[in-house]
Amino acid sequence: MTGGAAFAIGIDLGTTNSALAYLPLGEERAAPEVLPIPQLVHAGEVADRLLLPSYLYLPHPAEMAGEALRLPWAPPGDVPREVVGELGRAQGALTPIRLVSSAKSWLCHPTLDRRAASLPVGSPAEVPRISPLDASARYLAHLRAAWNAEVAKGDPALVLERQAVTLTVPASFDAVARELTVEAARHAGLHDPVLLEEPQAALYAWVEAMGDGWRKLVQVGDLILVVDVGGGTTDFSLIAVVDRDGELGLERVAVGDHILLGGDNMDLALAHRLQQKLADTGKTIDRWQLLALTHGARQAKEQLFADRAKMSIPVTVPGRGSSLMGGALRVELTRGELGSTLVDGFLPRVEVTARPAAQRRAALTTLGLPYASDPAITRQLAAFLSRQREALDASTAPVPKLSGKAFLHPTALLFNGGVMKAAELKERVREVVAGWVAAEGGEPPRELPGVDLDLAVAKGAATYGRVRSGRGIRIRGGTARAYYVGVETAAPAVPGIAPPVEALCVAPMGMEEGTRAELPSRELGLVVGEPARFRFFASSLRHDDRVGSVVEREAELEELAPIETTLPAASGEAGQVVPVSLRAHVTEIGTLELEAADEKGRAWKVEFNLRAAEQPSA
Amino acid sequence: MDETLTPLQRLFLAFVAFFAVLFNRRFAEEVHALRARERAALPPGGPPSERESAPPPPADQARPAGTAPAVPAAPPAGKGASTVPPAVAAAAAPPPIPKPAAPKPPDHAESLQIIALLQRDGRLLDFLEESLEGFSDSEIGAAARTVHAGCKKALGAYLQLEPVLHEPEGASVTIASGFDPAAVRLTGNVVGQPPFKGALRHHGWRAARTSFPPLPAHDPRILAPAEVEL
């Protein structure tokens, strides 16, 4: 790809909304633009929207006429049985058993087989199901079809699959989720999308928007904290401004955990608050009304945040039947409730020593997403900054010098995500971080201005496409995690106790794209013809581990889906043990590949085994 | 002139026609064509006896709003000049010449679509069909917010509005000769010859751009589906 690409394309495949931005590669200074995406907004009505809601609705055969669901690019006679986008979201809100949502969060679910048809979760047997991977592929396929219909218009050189496509993923996505994202793109016909972490994309968008001025807005020694609160997830990254041969350089030094907590939680929290208020006056509401209430609460929230003089906004839930006034419920959202529910609820003033309430054990929750059990984003942030400080203190790796005793001191804040349009929320984050830093005698962080909060990630991803072609500054950092395989230690068997497992580092943190790491001496014995399976781990904290380092307590690590390989019969006689070494390769597009190589240099791919992940004991 | 229509019928017609002109491109074009013929003093076509079954005559009153695309003060060679509420004359005109057997969608499908859109997004039918008896002003106000927000959203999605005259209301304006009487309505001391000087009382509305969705494939008489929860 990219050889003859005319455009750099950035795709933000979001948990709740997706977007596509593009810029022509031929023009030196072209700013990224966002493609309006045609989508069904009502049955039989297609309209352009800048965002494609990442929802897929699977209608009942009798529910909507096939013709009413036709997209402009659909071939005649093809009756669509799925609805992606705004209509899908609206219809699914009333019939949730047929709605696939948050496919992206399912894509990084730790125990689910993400290639298996499992969504919508908990729906009756007659509802068709698709896998999280397929759902993601559907959204990408919609974007591809939209681009090809709107821009390429039959010109084979301009079709999306021949452009330089960058696909963003949360910084917290591990190697497996990244691999699956690329797989989804391939299902959608996009063969080599390059992966980019979303917070980095937001920073690329900022650098692009500032032009050359960005060099005046930051200086060597700055540590930029990107706070990305999307519809469904929250993502933190720390990016240091470093001196690189006399020029300013950007280096991503840390990424946070995957936190399933976002703007939709906030709107829902407000709706529940108002629902409670109605219940106090003896009025109960059904699902349809709760939906209308959520919608009304969101609008009231936006108005209150936009106009600080307003003290309350009425929210009306219209009657569901034909009697509009007779069935209407009216409730007020006051500034105080907004503050206590959203600002104090999600961004409480806490000490930097605060930690989120313990996360539920993800492995034990079979159905359902591992939502954050503590809604306090500031506590998650405190934990992130402190853990990363400890990790860097324990490290001798050549990382930039960063200030902060008990936790890392950000000197600049970059916000991303539509939620952060509210000045009060940004102000609270800044205030809390400033308080922490001040307690250690540091300067309060400043906010980096001027980024389009909804579309920055897509725009930044398009910008990254240009950066990869050699124009513009590149954020360095490499892989955000170190990866390990579990190896059973040779120990006398003790009944009832599994042999201890130690984790062997196969890919250190910070591997750049296009680099390899080979396990030097330790060799594993694989039996020809039999599948060999290893437990697989990751860590975003262990900066120092090199290839071959051993971690004895694997509990410190985060366990991923196991890896598996089978040596084909050609490699030796069946049953024969062949010594192999593992090597890791970070591909140009940003995925991690593992190979088992024998002494003659022959290599076999090692795959992530998602099926096995359903039995965590394996 | 309107011996077959009562004033009440005419008022209703004006209301319906207002929306039809605003939202129904085909209807508006026909009205425009009819008025163009009127101004060019062409003999009106169509058998006069058809009046009852014909499409409603164009609006005369209400706000002449964004009907015709003509620019108010533009000089369209000689024709204008008709003074006094000119649209009254147009209202009385017989229906346009029936076109030779064009395949027609169901009766008034486009007008019905507009009503369906306003109901879907703004619950307009529910609001108008509900009796206001027994509701307090605050309850009505709360419902009006729903209707206002929804209808505004629908208007915003399908129609871009702009004033006919861009001066602030109350400002003094000059209406040059050759103005479009549908776009500018003169009231008060209407004497003499243009250019007219007067105070702008209502800036008028014009649909600067329309983009209505295609007509639904279903029966256009269904303005809102019945909802059944299973």
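**Exercise 1.** Determine which strands helix α11 of chain A lies across, and at what angle to β17(A) the helix runs.

*Solution.* In this predicted model, local features need pLDDT of at least 70, side-chain atom pairs count only at pLDDT 80 or more, and totals for chains, interfaces and linings use all residues. Residues are numbered from 1 along each chain as its sequence is written, while chains are lettered from A and ligands numbered from 1 in the order in which they are written. Helices (H or I, at least four residues) and strands (E, at least two) are DSSP runs, numbered from the N terminus. Helix α11 (residues 423–439) of chain A lies across β12 (223–229), β17 and β18 of chain A, contact being assigned where C-beta atoms, placed from the backbone, lie within 7 Å. Its direction is about 150° to β17(A), with axes fitted to C-alpha atoms, for helices over the stretch in contact, and angles running from 0 to 180 degrees between N-to-C directions.

**Exercise 2.** Place β17 and β18 of chain A in their sheet, and find the bridge partner of Ala412(A).

*Solution.* The open sheet of 6 strands in chain A follows the order β18-β17-β12-β13-β14-β19, with mixed pairing, where two strands pair if DSSP finds at least two bridges between them. Strands β18 (446–447) and β19 (475–476) of chain A are the edges, each pairing on one side only. Strand β17 (residues 412–416) of chain A pairs with β18(A) in the parallel sense over 2 bridges, and Ala412(A) has Arg446(A) in β18(A) as its bridge partner.

**Exercise 3.** State how many residues of chain A and of chain B are in contact.

*Solution.* The contacts join 15 residues of chain A with 15 residues of chain B.

Technical notes:
Two residues are in contact if their C-beta atoms, placed from the backbone, lie within 7 Å.
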